[in-house]
Amino acid sequence: MSDKQEPNGKASAANITDQERDWAQQALAEYEQKNYKSCLEHLQRIEVSRPNDPKVLLNKAIVEFYESGLCTADKFQKSFIDVCKQVELNLELLDSLEDVENCIYYYNYSVFLYHLKHYTKALAMINKVYSFIESLEESLAHKVCLLVVQLHIDTKKPTEALKLITYIESQFVSTDNATNILTGSADQGGPMHNETEKTEKKANLDAATDAFRVSLIQYRVRSLMELNLFDECNQQLNTIKEKQDSITMFLMGKLEYLRGNHKEALAILKQIPVKDDFIETGECSSVLINNNVACLYHYAKKPTLSFTSIYKAIVQHQKNIIDVTKPNQGSLSGQPLHIIGASIKTELMFNLGISLLHARKPEEAFDCLIEAVQTYHMNPRLWLRLAECCIMTHKKSNDRDFDFKKPYIEGVVGSGKHRKIILKSQLFPDTKYSCEAVSASIPMPSLEFGSLCVRNAVLLLNNDTIDCSPSHTPINTPHKDSLFGSIQSAGAYIALCLGDPVVALKYSQELLKSDKINKVHKFLGHLYAAEALILSDKPNEAIDVLKESNAFDDIEPEIHEQLRSEQWKPDQQKSAKAVLYYNLAVALTLRGDLDKAGELLKQIWLSKIEHVSVPVHVVILALYIHLRLGQKEIAITLIKQNCPQAKR
């Protein structure tokens, strides 16, 4: 299999002839040289003399699988299950494993499940094999140990993986007992060896043990990274830095990336040699490097460069997949088994979608993320990103809401003293409610589908265990609070755009109940709740909600910097107060308090003179109030100042 499990030439200790032993040794030698056709011929000779030996049948199935390039997964699975039935093993019943001789069957099937990404089932099976670890042959024991640790990491159990690594090191790497096991000094009987053979065997075992030790350290670093224990990661990496293998260098680069040292991470990535061994390992260093460079560009706020780099990785990965795919194999995919499990297309599409979203290309980002969500549908952050794609498609920026150069006049009729000015009934009629009947269940970047994405995110966020795959960063309490604020505010915004004030009010109230969200989300909660109440014809309650807002007072510095980088307003405290006062003025106007509303508009206008971004709707509201108060001359002056058409 992909772990290059050797065919067991001994098959059965009883009644093995010298001829069969020679055939078995020849088969093993051919297998190690990857001459699978010749190996199969020797196994077939053994099968003729031992037709019912299950280990011969198992080795034959494995060699045939390798001869096909590991592409006939279905055929191998059927042959494997038939062999297990012959030895009365039910792979579904783990308790049926009682004899250490049968561990090889469970190990091989665990590897098979691992490459199909059935991690939970594979872990349950390999755990059963691991219970016999002290009785297994040294090479098989090493493989079982590495697989069980790998599966604990893949199933998001880094703490358990660390415990296993500590125990494995104590038993197989660092103790005298481990030395005896690895050198075979505890064996009773067996053939005599000369000193040269013993020295060569010990050198080979030392090399194998050292490689095993390095692999365990690398797994420990991966587990520590999952727990964000970066100092301990650095200590472990220092012990194997001299190896300078690609795995260690990738781990060193990832550690610097997670610690925020992006320049150092990029320097390490540039030192990693590019090797084209995708067919052998299922991994391509150029794809991994381009992906990691894209992540570094993303955090450097260079989304276009990030997109370019990740796109290169996807193109190369797709080419690799096409090169190894063999059509008409009648198997799972026509791909080698280890390629099926090693495919990272979904992760690459996730990264590409995030890059495109930050590059303000929401439609393209949506297509990438909708593909990723088919695999990572339990990630609430991913559903939020899909909702953000829907929002950005609906409205990429609100700059025009603060642009006073936009015309307010629909048209002019008549001339002279009979000249009439027709104002627009809506400044931006295309930014309110959706007028098309679109099903929320259709995956497309619409507000209707965005509302479904928000509901999914809310449900997943309320679970006790949150899956953040494929992202590294776990959703701990601070992240969860920030994510909660983003999801609720997005839900309220979408509901308002769809003309559903009841749902918008529900999201806003949930947002305002929390005392752990940042002040930006709290501010949005007040605005959205007030708008929902106004749409529900409850201006008095809307006024009370708006008066509670502090409009970015003492805002956190990092949040303030983030606001400036986003193309959305308000992006500073004075502008936020102007928006708040405008909303309060609208509510007061609806209640009939025109004088109070007018005073608020004067304060907003004074801040505009100080070059503060204020909503353009202020002018229309001021016109309405002045006309309602009978202040015709002021209204005319206001029109002439802000409407160039009125001067003609």
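**Figure 1. A salt bridge between K602 and E599 in helix 28.** In this predicted model, K602 pairs with E599 through a salt bridge whose closest N and O atoms lie 3.7 Å apart. A salt bridge here is a side-chain nitrogen of Lys or Arg within 4 Å of a carboxyl oxygen of Asp or Glu. Because K602 and E599 are three residues apart in helix 28 (residues 594-609), about one helical turn separates them. Helices (H or I, at least four residues) and strands (E, at least two) are DSSP runs, numbered from the N terminus. E599 is partly exposed, with a relative accessible area of 45%. For burial, buried means under 20% relative accessible area, exposed means over 50%, and partly exposed lies in between (1.4 Å probe, protein chains only).

A word on conventions: residues are numbered from 1 along each chain as its sequence is written, and side-chain values use heavy atoms, with hydrogens and water left out. Since the model is predicted, local features need pLDDT of at least 70 and side-chain atom pairs count only at pLDDT 80 or more, while totals for chains, interfaces and linings use all residues.

**Figure 2. The salt bridge of D593 with R591.** Here the closest N and O atoms of D593 and R591 are 2.5 Å apart. D593 counts as partly exposed, at 22% relative accessibility. R591 is also partly exposed, with a relative accessible area of 36%.

**Figure 3. A network of salt bridges that links E20, R50 and D53.** Within this network, R50 forms a salt bridge with D53, and their closest N and O atoms are 3.2 Å apart. Are R50 and D53 buried or exposed? Both of them are buried. For the wider view, a search of the whole structure finds 16 salt bridges. Side chains of opposite charge can pair when their charged atoms come close.

**Figure 4. The hairpin of strand 1 and strand 2.** Strand 1 (residues 409-413) pairs with strand 2 (residues 420-423) in the antiparallel sense, over four bridges. Two strands count as paired if DSSP finds at least two bridges between them. V413 stands opposite K420 in strand 2. Six residues lie between the strands, and G414 takes a positive phi near 80 degrees in this hairpin.

**Figure 5. A nonpolar surface patch of V412, I421 and L423.** Together, V412, I421 and L423 have about 190 Å² of accessible area. Such areas come from the Shrake-Rupley method with a 1.4 Å probe, and for residues only the protein chains shown count as cover. Patches are made of residues with over 30% relative accessible area and no salt bridge; like charges are joined within 9 Å, and nonpolar side chains (Val, Leu, Ile, Met, Phe, Trp, Tyr) within 5 Å. V412 is found in strand 1 and counts as partly exposed, at 37% relative accessibility.

**Figure 6. Helix 15 and what covers its buried residues.** Helix 15 (residues 285-299) has 15 residues and reaches 21 Å from its first C-alpha to its last, close to the expected 21 Å. The expected span is 1.5 Å times one less than the number of residues. Among the buried residues of helix 15 are V287, I289, V293 and L296. Their cover includes helix 12, helix 13 (262-271), helix 16 (303-324) and helix 18 (345-358). After helix 15 comes K301, whose phi is positive, near 60 degrees.

**Figure 7. The surroundings of T248 in helix 12.** T248 sits in helix 12 (residues 246-258) and is buried, with a relative accessible area of 0%. Which residues does T248 touch, not counting those up to four places away in sequence? They are Q218, L237 and I240. Contact means heavy atoms within 4.5 Å.

**Figure 8. Y130 of helix 6 and its contacts.** Y130 lies in helix 6 (residues 119-130) and is buried, with a relative accessible area of 14%. Y130 and V144 are 14 residues apart in sequence, and their C-alpha atoms are 6.6 Å apart in space. Leaving aside neighbours within four places in sequence, Y130 is in contact with V144, C145, V148, L164, Y167 and I168.

**Figure 9. L527 of helix 24 and its contacts.** L527 belongs to helix 24 (residues 519-535) and counts as buried, at 10% relative accessibility. Not counting residues up to four places away in sequence, L527 touches L546, V579, L580 and N583.
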